[in-house]
Amino acid sequence: MSLKPGVVSGFDYLALVKAAKDGHYALPAVNVVSTGTINAVMEAAAKNKSDIIIQLSNGGAEFYAGKGCPDSFQAKVLGAVSAARHVHLLAEAYGICAVLHTDHANKKLIPWVEALLDHGEAFYKETGKPLFTSHMLDLSEESIEFNLAESKRLLTRMAKIGMSIEIE
């Protein structure tokens, strides 16, 4: 497989997943909380000639923004956006394909995902690429009807910019 290094999305993401499946290997996924952890993950991926899934939880995103950020919600959003932009700037330089993914957003975190989509849509207008490859909704504690309806609503928005969704 010969994908261009950088953050993958859309059909390139599908090709990456298919290559892993066909090649009988897993794509490692690592949750990150700082530029240091992101750089270490990309360096390890490059040294091992591996592609990588870089994940951010809402807590990790808040940590990325810094504990001094007075608005917790804003810190979660801006930390995730800053981390994603960091990966977009450096993944190609490291020569790796990176999947950018958020991790386990439950019902109370739907506004966080929606705010990230706002930033992602703006990034898409700017660059022609989504900011994140995919978002993960963990609505497993909700009714199956709510889970599927919310997942469908958000996926409809994500698909317009070449994103995927993981649901639980």
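Reader: Before I start looking around, what does contact mean here?

Author: Two residues are in contact when they have heavy atoms within 4.5 Å. Please also keep in mind that the structure above is a predicted model.

Reader: Okay, then which residues is Trp-112 in contact with, leaving aside its neighbours within four places in sequence?

Author: With those neighbours left aside, Trp-112 is in contact with Leu-56, Ser-57, Asn-58, Ala-61, Phe-73, Lys-76, Val-77, Ala-80, Thr-102 and Ala-105. Trp-112 is also one of the residues with the most contacts inside the largest nonpolar core, together with Ile-54, Val-87, Val-113 and Phe-132.

Reader: How many residues does that largest core have, and which elements give two or more residues to it?

Author: The largest nonpolar core has 38 residues. The elements that give two or more residues to this core are helix 2 (35-47), strand 3 (52-56), helix 3 (58-65), helix 4 (72-94), strand 4 (97-102), helix 5 (110-127) and helix 6 (144-159). A second core, separate from this one, has 8 residues, among them Val-8, Tyr-13, Ala-20 and Val-99.

Reader: Which general tendency fits with cores like that?

Author: In soluble globular proteins, nonpolar side chains tend to be buried together.

Reader: And how many aromatic pairs does the structure hold?

Author: The structure holds 0 aromatic pairs. There is, however, a lysine to look at beside one of the rings, since Lys-107 lies over the face of Phe-146, at 4.8 Å from the ring centre.

Reader: Switching to helix 1, which residues are buried there, and which are exposed on the other side?

Author: The buried residues in helix 1 are Tyr-13, Leu-16, Ala-19 and Ala-20. They lie on the same side of helix 1 because they cover an arc of only 125 degrees around the axis. On the other side, Phe-11, Leu-14 and Lys-21 are exposed.

Reader: What do the buried ones pack against, and how far does the helix reach?

Author: The buried residues of helix 1 pack against strand 4 and strand 6 (164-167). Helix 1 covers residues 10-22 and reaches 18 Å from its first C-alpha to its last, which is close to the 18 Å expected at 1.5 Å a residue. It is followed by His-24, whose phi is positive, near 60 degrees.

Reader: Where else is phi positive in a residue other than glycine?

Author: Lys-49 has a positive phi, near 50 degrees, and His-104 has one near 45 degrees. Lys-49 lies in the loop between helix 2 and strand 3, while His-104 lies in the loop between strand 4 and helix 5.

Reader: Are those two buried or exposed?

Author: Lys-49 counts as exposed because its relative accessibility is 78%, which is above the cut-off of 50%. His-104 is partly exposed, with a relative accessible area of 37%.

Reader: Which residues does Met-136 touch, not counting those up to four places away in sequence?

Author: Met-136, which is found in strand 5 (residues 134-137), touches His-101, Thr-102, Asp-103, His-104, Ala-105, Glu-166 and Glu-168. At 1% relative accessibility, Met-136 counts as buried.

Reader: And Ile-38, is that one buried or exposed?

Author: Ile-38 counts as buried, at 0% relative accessibility, and its place is in helix 2. Leaving aside neighbours within four places in sequence, Ile-38 is in contact with Val-32, Tyr-64, Ala-83, His-86 and Val-87. Ser-50 is 12 residues from Ile-38 in sequence, and their C-alpha atoms are 15 Å apart in space.

Reader: Last topic, helix 6: which residues are buried in it, and why do they sit on the same side?

Author: In helix 6, the buried residues are Asn-147, Glu-150, Ser-151, Leu-154 and Met-158. They are on the same side of helix 6 because they cover an arc of only 100 degrees around the axis. Glu-145 and Lys-152 are exposed on the other side.

Reader: What covers that buried side?

Author: The buried residues of helix 6 are covered by elements including helix 5, strand 5 and strand 6. Helix 6 itself has 16 residues and reaches 21 Å from its first C-alpha to its last, close to the 22 Å expected at 1.5 Å a residue.

Terms used
Residues are numbered from 1 along each chain as its sequence is written. This is a predicted model: local features need pLDDT of at least 70, side-chain atom pairs count only at pLDDT 80 or more; totals for chains, interfaces and linings use all residues. Side-chain values use heavy atoms; hydrogens and water are left out. A nonpolar core is a set of buried Ala, Val, Leu, Ile, Met, Phe, Trp, Tyr and Cys residues joined through side-chain atoms within 4.5 Å. Buried means under 20% relative accessible area, exposed over 50%, partly exposed in between (1.4 Å probe, protein chains only). Helices (H or I, at least four residues) and strands (E, at least two) are DSSP runs, numbered from the N terminus. Rings of Phe, Tyr and Trp (its six-membered ring) pair if their centres lie within 6.5 Å; planes under 30 degrees apart count as stacked, over 60 as edge-to-face and the rest as tilted. A charge sits over a ring if NZ of Lys or CZ of Arg is within 6 Å of the ring centre and within 35 degrees of the ring normal. The expected span of a helix is 1.5 Å times one less than its number of residues. The arc is that of the directions from the helix axis to the C-beta atoms.
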